[in-house]
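These are my notebook entries on one structure, written as I looked up each point. I begin with the sheet and work outward to the helices, the cores and the backbone.

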Amino acid sequence: MLAVVIGGSGSGKSEYAERMALHLAGERPRFYLATMQVWDEECQARVQRHRKQRAGRGFVTVECPKQLAGIPREQLDREGTVLLEDLGNLVANELYAPGADEEKAEQAIWQGVKHLVAESRHVVLVSNEVSTGGADYAGETERYLRLLGRLHQRLAQRADVVCEVAAGLPIYYKGRKLV
């Protein structure tokens, strides 16, 4: 089962997605796929905040800033639940990797999502809402937003559940409410 949770910055999407993953996992294994590349103290502080939020909840953290399809099967569990945090970081990491382009990045991400779905009981994928942040972007930002938007469309087609979190409240567009 694939669930996609989208929301703006500070919307509560990460907390809601975590609750969803815990609900779906029950007593089965839980994996947190961290996609953020830690570049500076601000990134490190964000990582620490998320680790503190998950503390005591039984997640095994797997650091994977790109190439999700390369996660060895041994690091996942077919009966487990994966919480992927988040697609926005993954897109940036894949898109701006040396030698990458939009097509290669999209293909790598899509293959990675398919790998996670095939190797896990449930996947909860967190992403950023990007359609309301403005309209006058250029160059690299436009390319990033275009790719993220295409992936959102593909994910929404493939997903069993799609919801947006606004002000901590889930709005379901596809599938039944899980938590």
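**Entry 1: the sheet**

I looked first at how β4 and β5 are joined: they run parallel, with five bridges between them. I note here that the model is a predicted one. In this pair, L83 stands opposite V124 of β5.

I then checked the other partner of each strand. β5 runs parallel to β1 as well, through six bridges, and there L2 stands opposite V123 in β5. β4 is joined to β2 by five bridges, again in parallel; Y32 faces L83 of β4.

What is the order of the strands in the whole sheet? I read it as β3-β2-β4-β5-β1-β6-β7, an open sheet of seven strands with mixed pairing. The edges are β3 (59-63) and β7 (169-174), each of which pairs on one side only. From one strand to the next, the twist averages 20°.

I also looked up the burial of β5. Six of its seven residues are buried, so β5 is largely enclosed by the rest of the structure.

**Entry 2: helices on the sheet**

I asked which strands are touched by α1, residues 13-25. This helix packs on the sheet and touches β1, β2, β3, β4, β5, β6 (161-166) and β7. The direction of α1 makes about 175° with that of β5. α4 also packs on the sheet, where it touches β1, β2, β4 and β5. For α4, the angle with the direction of β5 is about 150°.

**Entry 3: α1 against α2**

I next examined α1 with α2 (residues 41-54): their axes come within 11 Å and cross at roughly 35°. The crossing is right-handed. S14, E15 and E18 of α1 meet H50, Q53 and R54 of α2. By class, I find three polar and three charged residues in this contact, and no nonpolar ones.

**Entry 4: the nonpolar cores**

Which residues touch the most other members of the largest nonpolar core? They are L2, L33, L87 and L116, in a core of 32 residues. At least two residues each come from β1 (2-7), β2 (30-34), β4 (81-85), α3 (87-95), α4 (102-119), β5 (122-128) and α5 (139-158). I recorded a general point beside this: in soluble globular proteins, nonpolar side chains tend to be buried together.

I followed L2 further. Leaving aside residues up to four places away in sequence, L2 touches V113, V117, V123, L125, L155, R158, A159, D160 and V161. Apart from the largest core lies another, of 18 residues, with V124, C163, V165 and L178 among them.

**Entry 5: backbone details**

I went through the loops last. The peptide bond from E85 to D86 is cis, and its omega is near -10°. D86 lies in the loop between β4 and α3.

Two residues other than glycine drew my attention for a positive phi: Q67, near 60°, and A167, near 55°. Q67 is in the loop between β3 and β4, whereas A167 is in the loop between β6 and β7.

Is A167 buried or exposed? Its relative accessibility is 75%, and the cut-off for exposed is over 50%, so A167 counts as exposed. Q67, with a relative accessible area of 44%, is partly exposed.

Key
Residues numbered from 1 in each chain as written. Predicted model: local features only at pLDDT ≥ 70, side-chain atom pairs only at ≥ 80, totals over all residues. Heavy atoms only, no water. Core = buried A, V, L, I, M, F, W, Y, C linked by side-chain atoms within 4.5 Å. Buried < 20%, exposed > 50% of the residue type's maximum accessible area, 1.4 Å probe, protein only. Helix = DSSP H or I, 4+ residues; strand = E, 2+ residues; numbered from the N terminus. Contact = heavy atoms within 4.5 Å. Pairing = 2+ DSSP bridges. Axes fitted to C-alpha atoms, helices over the stretch in contact; angles between N-to-C directions. Left-handed = near helix turned anticlockwise from the far one by under 90°. Nonpolar A, V, L, I, M, F, W, Y, C, P; charged D, E, K, R; others polar.
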